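User: Could you walk me through how to read a protein–RNA model? I'd like to start with the contact surface and then move on to other features.

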Amino acid sequence: MRYSQYFIPTLKETPSDAEVISHQLMLRAGMIRKVAAGIYDYLPLGLRSIRKVENIVREEMNRAGAIEILMPMVTPAELWQESGRWDFYGKELLRFRDRKDGEFCLGPTHEEVVTDIVRREVRSYRQLPLNLYQIQTKFRDEIRPRFGLMRGREFIMKDAYSFDVDSSAADISYDKMYQAYRRIFERCGLRFRAVEADTGSIGGTSSHEFMVLAESGEDAIVSCNCCDYAANVEKAEARISEVTAHVEPRPLEKVATPGKKSIEEVSAFLDVPSSIMVKTLVLLADDEPVVALLRGDHDLNEIKLKNLLGCETLEMAPDEIVLKVTGAQPGFAGPVGLAVKIVADLVVRGMRNFVTGANETDMHLKNVNLERDCAVKAFADIRNVSQGDPCPRCEGGAMELWRGIEVGHVFKLGTKYSQALKATYLDADGKEQIIFMGCYGIGVGRSVASCIEQNHDENGIIFPIPIAPFHCIISTVNYAKEEEVRKASDAIYEQLLSAGVEVLLDDRDERPGIKFKDADLIGIPLRIVVGAKNLVEGKVELKHRATGEMELLLVAEAVEKVKAAVAEALKK
RNA sequence: CGGGGUGUAGCGCAGUCUGGCUAGCGCACCUGCCUUGGGAGCAGGGGGUCGGAGGUUCGAAUCCUCUCACCCCGACCA
């Protein structure tokens with residue numbers, strides 16, 4: 001491609017509404033432009049990278065035996081009503097009516113639609129297993145779209161759905177997808193972790209998320225520094241601590257702590273570490289008050305508590321409720337004498353003589369002991385794992401904390417949708433059986449964005465070759481006036497093109513500085529600089545964007561090197 | 001949905017508090033000259049419903065009311 005004939009509108013300055021680096025760089029590099037909140041144009045460079053990811057995904061899905069289809073973006077309400085999600089999904093589902101007043105929505109995911117295909121077409125166990133996938137634009141009317149392609153409302157997603165005769169066959173399909181996902185993200189050149197995850201509103205029995213490691217990631221994940229265990233913090237199990245050695249309970253003591261509400265304030269005021277304090281949280285589970293007890297330096301994991309209680313909603317109680325439940329202003333709650341349901345974290349069971357609120361404004365209690373001072377029956381793992389915690393799976397391992405961007409998610413769905421939509425088959429005995437499903441998503445645009453989060457410097461993007469919009473750029477010095485430069489550049493361009501290298505020839509009549517800056521910004525991995533100075537000796541410069549390594553080579557050598565580097569990087 | 005903020009040229013911003021000359025600056029863009037190994041220089045030029053509607057006023061980018069869009073924090077979320 002000749003740069004002068006192409007369309008790469010780069011920006012020298014960073015648009016003020018772009019917060020994360022990938023969003024800033026994708027705008028500056030002319031890859032995307034915003035059309036509305038969370039809705040973007042894909043300009044040529046952005047589209048090329050997206051297509052690269054799509055093709056890797058497609059190859060690996062096909063390799064794993066999945067079959068590509070394309071389902072509609074507009075889907076009828078009936079299917080969603082049948083699965084029950086029409087009422088459950090909420091405002092994220094963009095709904096509208098057609099001219100005949102029929103109800104529809106833009107597909108945010110396609111379990112219903114694909115299950116409908118399968119229930120109509122699959123009759124026999126002989127037709128299973130089946131795995132159907134599509135690469136398609138989805139729409140979710142996010143409450144707060146942000147970070148460019150990272151969290152848009154409209155986005156390109158690969159979604160696959162597996163159908164099996166039973167649970168163990170479904171496990172095999174799941175494992176195939178898990179392995180395919182590893183290959184996909186490895187081929188994209190991403191540094192990632194596959195972690196155990198909560199299933200959220202999709203439902204189902206178990207799932208893994210594929211997390212690209214990046215500081216800007218919206219998710220917290222933990223992994224063991226010793227074994228393979230890794231999980232989203234939402235899901236990560238805290239290791240059950242053994243009860244502390246016998247400590248003589250000391251007499252209960254009430255102390256004044258005027259105006260000291262937070263754990264930090266009380267800890268400093270009474271000069272006790274937060275780890276021997278118990279924090280008492282008042283929550284509303286489906287509008288019923290519930291109290292959660294945690295060690296002072298631990299955080300509540302709302303998902304664990306929500307799953308434990310089996311409630312639909314869980315939120316922090318407003319001040320009035322706290323006052324009603326504890327008889328004190330927020331900040332002075334404690335478990336002693338409370339009449340509502342109390343759930344204590346497992347760690348709290350082992351705590352002796354701890355400090356907690358007295359259920360009296362401006363007062364705390366010292367030397368509280370649960371078994372003596374209050375009637376707590378429920379103990380459960382309801383806290384977030386923190387840095388350095390012991391691994392729940394191996395001896396001696398410690399948990400490390402990371403930030404991650406979720407680029408892929410695989411779920412075992414079980415029979416949730418097949419049951420609701422009556423997707424069944426006849427087994428070898430002629431008996432009707434329910435189909436077992438799995439679903440598997442990859443955010444395509446998000447993968448490109450997260451790649452940029454991981455691979456950039458102060459000059460711009462540093463694409464890995466497999467998803468770079470072009471493999472190589474030829475930056476020419478005075479292409480317009482120097483005939484030798486023009487001839488050599490054109491020749492290199494033709495040679496690379498015919499070798500199958502995707503090459504961008506910067507033939508613009510611009511000063512070299514502009515071309516170098518643009519080349520760095522758009523992140524093309526390999527750059528050949530053709531200038532009169534080196535051409536006198538028949539040489540050109542080959543520069544690697546990632547390392548900054550620069551070599552002075554004969555024209556033919558440079559061409560060979562580029563070909564070799566591209567071939568090596570695209571090896572499957 | 002709650003809290004905060006911003007809308008002035010393609011991008012980045014000043015001007016708004018304290019109403020008043022023809023609405024400015026940098027970058028980008030166009031023409032010419034010059035220049036060509038890291039976003040050059042000189043000269044000339046084009047581009048604005050000051051987010052929109054209504055109001056106050058002799059006079060509104062500036063004050064008031066309503067409204068729209070976008071951004072940030074929170075809640076929520078695959």
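Analyst: Happy to. Start with residue classes: the surface near RNA strand B has 22 charged residues, along with 11 nonpolar and 9 polar ones. Keep in mind that this is a predicted model.

User: Which residues are closest to RNA strand B?

Analyst: Arg151, Arg446, Asp520, Arg527 and Glu541 are the closest, out of 42 residues that surround the strand.

User: And what share of the RNA atoms within 4 Å of the protein belongs to sugar or phosphate?

Analyst: For RNA strand B that share is 47%, and the rest of those atoms belong to bases.

User: What do individual contacts look like?

Analyst: Look at which part of the nucleotide is touched, and whether side chain or backbone does the touching. Here are three cases. The side chain of Lys12 puts an N or O atom 3.0 Å from a sugar or linking oxygen of RNA strand B. With Ala37, a backbone N or O atom sits 3.4 Å from a phosphate oxygen of the RNA. Asn534 reaches a base oxygen of RNA strand B, with a side-chain N or O atom at 3.0 Å. The elements that give two or more residues to this surface are strand S21 (399-414), helix H15 (512-522), strand S29 (526-530) and strand S30 (539-544).

User: Which element gives the largest share of that surface?

Analyst: H15 does, with 7 residues.

User: Now pockets. How do I read one?

Analyst: The general idea is that rolling a probe the size of a water molecule over the atoms shows where empty space is left. In this model, take the second largest pocket, with a volume of about 360 Å³. Its lining has 23 residues, and Lys261, Thr280, Leu281, Gly331 and Phe332 are the closest to the centre. Two or more lining residues each come from helix H7 (263-270), strand S14 (278-285), helix H9 (319-326) and strand S18 (354-357). S14 gives the most, 5 residues. By class, the lining of this pocket has 13 nonpolar, 6 polar and 4 charged residues.

User: S14 came up there. In what order do the strands of its sheet run?

Analyst: The order is S16-S14-S15-S17-S20, an open sheet of 5 strands with mixed pairing. At the edges are S16 (314-316) and S20 (378-380), each pairing on one side only. From one strand to the next, the twist averages 35°.

User: How many bridges join S17 to S20?

Analyst: There are 3, and the two strands run parallel, with S17 covering residues 341-345. To find the pair on screen, look for Asp345, which stands opposite Ala380 in S20.

Technical notes:
Residues are numbered from 1 along each chain as its sequence is written. Chains are lettered from A and ligands numbered from 1 in the order in which they are written. This is a predicted model: local features need pLDDT of at least 70, side-chain atom pairs count only at pLDDT 80 or more; totals for chains, interfaces and linings use all residues. Side-chain values use heavy atoms; hydrogens and water are left out. A residue is near a molecule or strand if one of its heavy atoms lies within 4 Å of it. A polar contact is a pair of N or O atoms within 3.5 Å; within protein, one must be able to donate a hydrogen and the other to accept it, and residues adjacent in sequence count only if both atoms are side-chain atoms. Helices (H or I, at least four residues) and strands (E, at least two) are DSSP runs, numbered from the N terminus. Ala, Val, Leu, Ile, Met, Phe, Trp, Tyr, Cys and Pro count as nonpolar, Asp, Glu, Lys and Arg as charged, and the others, Gly among them, as polar. On a 1 Å grid over the protein atoms alone, a cavity is a set of points where a 1.4 Å probe fits but cannot get out, and a pocket is an open set with protein on both sides within 12 Å along at least five of seven lines; lining residues have an atom within 4 Å of a point. Grid points are joined across faces, edges and corners, and a volume is the space filled by probe spheres set on the points. Two strands pair if DSSP finds at least two bridges between them. Axes are lines fitted to C-alpha atoms, for helices over the stretch in contact, and angles run from 0 to 180 degrees between N-to-C directions.
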